Amino acid sequence: VFGVTKLMDLFDVTSDITEIVEDVNSEQVVSLKASDHLFEVSKNVNDMLKEKECYAMELSHFQSEYSTRFGEIVQTSRHGFKKLSDLLSFLPDVKVSGVGSSLKVQLNNKLVIFGHLAVQVIKQSPEGRLPFCKFVPAFQKTLGQQCKVAEYGCAKLMELIRKVPEVLRIVQLVSDVDGSEVKYVELTGKSDSKKAASSAEESAPPKKTAEDFGVELRELLSVCEEGQVSLERFIGIYHQ
């Protein structure tokens with residue numbers, strides 16, 4: 001499926017994100033490299049904080065909530081840190097503030113926060129898009145707060161939306177009423193042209209690349225205990 005005949009050859013082409021090491025029992029295990037695992041941690045922390053009120057939480061509750069959601073705690077020593085607060089402060093878009101027992105972890109990127117809020121607003125529209133002129137009123141109605149573009153370092157709404165291309169985009173569509181072009185704000189990736197392909201194409205098994213395997217491997221290992229799995233058990237777990 002991936003263009004190789006041996007499992008070890010497949011691991012070789014994903015050596016940029018994985019490594020095969022021996023555990024304490026001298027058993028060979030597949031593991032995400034520390035740098036790639038830290039990328040996963042960063043993504044998980046961002047996702048978790050986006051769901052918190054004010055995008056922040058008590059540091060003292062962090063490990064238990066992280067473990068409940070992702071099936072493991074953040075192992076600081078694995079990434080060369082002695083304290084959890086130091087590791088979290090190292091992550092992009094995250095900061096730790098406060099002193100002593102009142103330390104808090106919080107999202108520290110206003111554009112990321114705006115993108116998260118904008119998704120909530122757009123999803124309220126049945127069509128999955130809003131006329132540009134109605135975005136600000138919908139923002140206030142949905143979230144109960146004003147969309148103050150200056151807080152995000154922008155002078156105009158158009159400028160702000162263009163700063164989060166991974167989340168939003170501006171499209172121009174022809175109005176059904178008078179045939180004029182109307183600007184809309186919609187989620188990136190939404191496109192009427194991206195319909196399902198022909199039934200013949202849908203029935204054919206998709207071809208996979210080594211890059212696809214790397215994505216699947218990263219997802220699999222990120223939910224395994226300690227981010228690793230023995231070679232002996234790998235095939236069985238992979239095909240579950």
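Leaving aside neighbours within four places in sequence, with which residues is Phe62 in contact? In this predicted model, the contacts of Phe62 are with Val45, Met48, Met57, Val74, Leu84, Leu88 and Val105. The paragraphs below set this residue in the context of the chain and then turn to a helix pair, a pocket and two loop residues.

The protein chain contains 10 helices and nine strands. Of its 240 residues, 37% are buried. When contacts between residues at least 6 apart in sequence are considered, 49% of them join residues at least 24 apart.

Phe62 belongs to helix H3, which covers residues 62-70. The relative accessibility of Phe62 is 0%, and the residue therefore counts as buried, the limit being under 20%. One of its contacts is Met48; these two residues are 14 apart in sequence, and their C-alpha atoms are 9.7 Å apart in space.

Tyr66 is also located in helix H3. Its relative accessible area is 0%, so Tyr66 is likewise buried. Beyond the neighbours within four places in sequence, Tyr66 is in contact with Val41, Asn44, Val45, Met48, Gly71, Glu72, Ile73 and Val74. Asn44 lies 22 residues from Tyr66 along the chain, yet a separation of 8.3 Å is found between the C-alpha atoms of the two. Val45, Met48 and Val74 appear among the contacts of Tyr66 and also among those of Phe62.

The packing of two helices was examined next. Two packed helices are described by the angle between their axes and the distance between the axes. For helix H5 (residues 110-122) and helix H6 (residues 135-143), the angle is about 90° and the axes are 9 Å apart. H5 and H6 are therefore roughly perpendicular to each other, a term that applies to angles of 65 to 115 degrees. On the side of H5, the contact is formed by Phe114, Leu117, Ala118, Gln120, Val121 and Ile122. On the side of H6, Phe135, Ala138, Phe139, Thr142 and Leu143 take part. Sorted by class, the residues of this contact comprise nine nonpolar and two polar residues, with no charged residues.

Empty space in the model was also considered. Rolling a probe the size of a water molecule over the atoms shows where empty space is left. The second largest pocket has a volume of about 160 Å³. Its lining consists of Tyr55, Lys110, Ile113, Leu117, Gln145, Glu151 and Tyr152. Four of these lining residues are nonpolar, one is polar and two are charged. Leu117 is thus named twice in this account, as it lines the second largest pocket and takes part in the contact of H5 with H6.

Finally, two loop residues were examined for their backbone angles. Cys54 has a phi near 60°, a positive value in a residue other than glycine. This residue is found in the loop between helix H2 (34-50) and strand E3 (56-58). With a relative accessible area of 65%, Cys54 is exposed, because the limit for this class is over 50%. Asp93 is not a glycine either, and its phi is positive at about 70°. The loop that holds Asp93 runs between helix H4 (84-90) and strand E4 (94-97). Asp93 has a relative accessibility of 28% and therefore counts as partly exposed.

Note on methods: Residues numbered from 1 in each chain as written. Predicted model: local features only at pLDDT ≥ 70, side-chain atom pairs only at ≥ 80, totals over all residues. Heavy atoms only, no water. 1 Å grid on protein atoms, 1.4 Å probe; cavity = no way out; pocket = protein on both sides within 12 Å on 5 of 7 lines; lining within 4 Å. Points joined across faces, edges and corners; volume = space filled by probe spheres on them. Nonpolar A, V, L, I, M, F, W, Y, C, P; charged D, E, K, R; others polar. Axes fitted to C-alpha atoms, helices over the stretch in contact; angles between N-to-C directions. Helix = DSSP H or I, 4+ residues; strand = E, 2+ residues; numbered from the N terminus. Parallel < 35°, antiparallel > 145°, perpendicular 65-115°, else oblique. Contact = heavy atoms within 4.5 Å. Buried < 20%, exposed > 50% of the residue type's maximum accessible area, 1.4 Å probe, protein only.
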